[in-house]
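Welcome, and please open the model in your viewer. We will go from stop to stop, selecting a few residues each time and looking at what is there.

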Amino acid sequence: MRNRRWMIAGLALLVALPLALAGCGGKGDSNQKEGTTSPGASTANSDPIKLTLWGAVPSENGPQEVVDNWNKQNPDIQVEYVRFVNDDAGNLKLDTALISSQPVDMYVNYDYSLYEKRIKAGNALDLSQFSDYDVDAKMGEGAALWKVDDKYYGLPTQKGLSFVWLNKDMLDAKGLSIPTEWGLDEFRDYAAKLKSDHVWGLAQSDYYFNVPINGSLQKQSLQLTKADGTSAFDNPMTVKTLQIYSDMMFTDKSLMPHTEQITSKPALDQMFVKGEAAMLFSTNQIFRTTNNIQEFPRTK
């Protein structure tokens, strides 16, 4: 395979990932009896409190090391990391665990709609009852994006950087420059020009089909529904977003149709590094693949 060069074209999105506390409360704290010390306190004779933390990042990529370090420093509160895959099946697994007897004390959300859904189902703890920790003061104004009904049900833990990744060789072959500013019209134009018989102009995860739609609503301070309960998707910006995606899939054929992608479940990061897609809309998780130079050789 010919070596290829990739370059990060630009920052497309910032997403805060909240760590939520399960609203069912105390499932993992099986050793704490009524009348004993509260979580966080320790006594010489008490057994350690046991908590479970669910997250989508593979344990070997950092979470297990964090948990191990915590457990060493906090012998009275021991945490177990449970991994779920951040896809439909994985999120269903987490939701099932939340409403069943499986221990879920903390979990990481990666999508606002799922976060809100879990709050409405009573599976997240209302943090407004705690006065000794000011989320806004600690996290900054960006944290407010994760308020539901003006309350926090999770702690924003990081800003997830999202990028449009570009295959530089393919750009050069088409005489296209690296864009520094663009909107959906330019996005569509590049994808159409970069596609070929065996190369998609763009690949993106299922989640990113929601991003421009959610963004168009947020920019206009709109919710998913209007005050009368009808859909707010008929606003001009969202209509344009949906139309562009439809055109990319069915007119330009530069983007895999969504139904086909859901059915085939392609490995999008590998599609990109193998040259099967000229652009990739993804988070920084792709570094796991692009840093694997032995399996996916490339030039810088």
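Buried, on this tour, means a relative accessible area under 20%, exposed means over 50%, and partly exposed is in between. Please keep in mind that this is a predicted model.

**Stop 1: helix H2**

Select residues 88-99, which make up helix H2. Its twelve residues should span 16 Å at 1.5 Å a residue, and the end C-alpha atoms are 17 Å apart, which agrees. Now colour Gly90, Asn91, Leu94, Asp95, Ala97 and Leu98, the buried residues of H2. Where do the buried residues fall when H2 is seen down its axis? Turn the view that way: they fall within an arc of 160°, so they line one face of the helix.

On the face turned away from that buried side, pick out the exposed residues Asp88, Ala89, Leu92 and Ile99. Next, show what covers the buried residues of H2: the cover includes strand S2 (49-55), strand S4 (106-108) and helix H3 (112-120). Before leaving, zoom in on the start of H2, where a side-chain oxygen of Asp87 comes to within 3.3 Å of the backbone nitrogen of Ala89.

**Stop 2: from H2 to H3**

The whole structure has twelve salt bridges. For one of them, select Asp95 and Arg118, whose closest N and O atoms are 2.6 Å apart. Asp95 belongs to helix H2 and Arg118 to helix H3, so this pair ties together parts that are 23 residues apart in sequence. Are these two residues buried or exposed? Both Asp95 and Arg118 are buried. Add Lys117 to the selection, and you have a network of salt bridges linking Asp95, Lys117 and Arg118.

**Stop 3: helix H6**

Move on to Asp185 and Lys240, whose side chains meet in a salt bridge (2.9 Å, N to O). Asp185 is in helix H6 (residues 184-194) and Lys240 is in helix H8, so the pair ties together parts 55 residues apart in sequence. Asp185 is partly exposed at 42% relative accessibility, and Lys240 is partly exposed at 43%.

Stay with H6 and select Lys193 and Asp189, another salt bridge, with 3.1 Å between the closest N and O atoms. Both residues lie in H6, four residues apart, which is about one turn of the helix. Lys193 has a relative accessible area of 41% and is partly exposed; Asp189 is also partly exposed, at 33%.

**Stop 4: an aromatic cluster**

The structure holds six aromatic pairs. Select Trp182 and Phe187 for an edge-to-face pair, 5.4 Å centre to centre with 75° between the planes. Now swap Phe187 for Tyr190: the ring centres of Trp182 and Tyr190 are 5.2 Å apart and the planes are at 85°, so this pair is edge-to-face. Trp182 is partly exposed, with a relative accessible area of 28%, whereas Phe187 is buried at 6% and Tyr190 is buried at 11%. Which residues form one cluster here? Show Trp182, Phe187, Tyr190 and Phe281 together to see the aromatic cluster.

**Stop 5: a loop residue**

Finish at Thr230, in the loop between helix H7 (211-219) and helix H8 (236-251). Thr230 is partly exposed, at 37% relative accessibility. Show the side chain of Asp228 as well, and you will find a polar contact of 2.6 Å with the side chain of Thr230. Beyond its neighbours within four places in sequence, Thr230 is in contact with Leu224 and Thr225.

Notes:
Residues are numbered from 1 along each chain as its sequence is written. This is a predicted model: local features need pLDDT of at least 70, side-chain atom pairs count only at pLDDT 80 or more; totals for chains, interfaces and linings use all residues. Side-chain values use heavy atoms; hydrogens and water are left out. Rings of Phe, Tyr and Trp (its six-membered ring) pair if their centres lie within 6.5 Å; planes under 30 degrees apart count as stacked, over 60 as edge-to-face and the rest as tilted. Buried means under 20% relative accessible area, exposed over 50%, partly exposed in between (1.4 Å probe, protein chains only). Helices (H or I, at least four residues) and strands (E, at least two) are DSSP runs, numbered from the N terminus. Contact means heavy atoms within 4.5 Å. A polar contact is a pair of N or O atoms within 3.5 Å; within protein, one must be able to donate a hydrogen and the other to accept it, and residues adjacent in sequence count only if both atoms are side-chain atoms. The expected span of a helix is 1.5 Å times one less than its number of residues. The arc is that of the directions from the helix axis to the C-beta atoms. A salt bridge is a side-chain nitrogen of Lys or Arg within 4 Å of a carboxyl oxygen of Asp or Glu.
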